[in-house]
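Me: Hi! Could you walk me through a structure I've just opened?

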Amino acid sequence: MTLRQTYQKGKMLLEKAGIETPAFDAVCLFEKVFGMDRQKLMIHGMEPAEEAHTAAYWELCEMRAQGRPLQYILGEWPFMDFTLCVGEGVLVPREETELLVYTAAERLRVGSGAKGPWKGIDLCGGSGAVAIGLASLLPGLEISCAELYADAFRFLEANVRRLASKAVHPARLDVLSPESAAPFSGLDLVVSNPPYVEAGVIAGLQKEVQQEPRTALDGGEDGLVFYRAIAQLWVPRLKPGGVAAVEIGEEQAQAVTELFQEAGVREIEVRKDFNGLDRVVVGCFYPGP
């Protein structure tokens, strides 16, 4: 069997399983096993495929066909201009979340009118995507990255080491706990991509998404549990004029905006993602009446 035939058999398996992007997924898995991207496959496609590599490739295709997330099979995934280690126990970084990073960085620069230094915290940090992304854009930023769960925290620490992000400081803490928030003060930035899926909706999500940790998805009965905690516990840790920015579900802009307003956040803006859906709420904290 040739390399091209091997790839095509994998793609057909994914098509029959109903995978949304069978060609993309198949070529990603092919590259992981054979070390060939799409262009090299086109050039060398008529060459014979090694039997051991072929068996390993089809095994990965079977995993994907059964609904295991592609990112978990690959063990890494791109975010912005870097690559993160991912796997069971951590939320897969998504392209939509890049908007949160760029929005927070932009508002921080505009609001402060300087190059730093800044002090911030990323809540529900997961793989560290948001904190590492912000540190790459803002050389004057020192940012804590808060994550409670052990599996996710291991990926966070690994990614910080891998990317030599000395400005990112992993912190094992519970975002919902007042005791966790108490030591922080005078922050320039509070940012978060928290769990925001309504608990009752999770069972109906794609099977790939359901293999991601429920703790990274479940935002409580109305999806707003973490936003309430951010508004009540963490926004007050900002200095006057400090920036609060969160990723939201597509129907949560009004509710999150109201929570922020009640907490003293002003100059609020809702940013839409590349699909035209509400994705980020950002504003500045001004305490007082």
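Reply: Happy to; we can take cysteines and salt bridges in turn. This is a predicted model, where local features need pLDDT of at least 70, side-chain atom pairs count only at pLDDT 80 or more, and totals for chains, interfaces and linings use all residues. Residues are numbered from 1 along each chain as its sequence is written, and side-chain values use heavy atoms, with hydrogens and water left out.

Me: Thanks! How many disulfides are there?

Reply: The count is zero, taking a disulfide as a pair of cysteine sulfur atoms within 2.5 Å.

Me: Why is Cys61 not in a bond?

Reply: Its closest cysteine sulfur, in Cys28, is 11 Å away, which is too far for a bond. Cys85 is in no disulfide either, with the nearest cysteine sulfur, that of Cys145, 14 Å away.

Me: OK, switching to salt bridges: how many does the whole structure have?

Reply: A search finds 14, each being a side-chain nitrogen of Lys or Arg within 4 Å of a carboxyl oxygen of Asp or Glu. One of them joins Arg271 and Glu106, at 2.8 Å from N to O. Arg271 lies in strand β8 and Glu106 in helix α6, so the pair ties together parts that are 165 residues apart in sequence. Helices (H or I, at least four residues) and strands (E, at least two) are DSSP runs, numbered from the N terminus.

Me: Is Arg271 buried or exposed?

Reply: Arg271 is buried at 19% relative accessible area, while Glu106 is partly exposed at 37%. Buried means under 20%, exposed over 50% and partly exposed in between, with a 1.4 Å probe and protein chains only.

Me: Which residues are linked with them in a network?

Reply: Salt bridges link Glu106, Arg107, Glu269 and Arg271 in a network.
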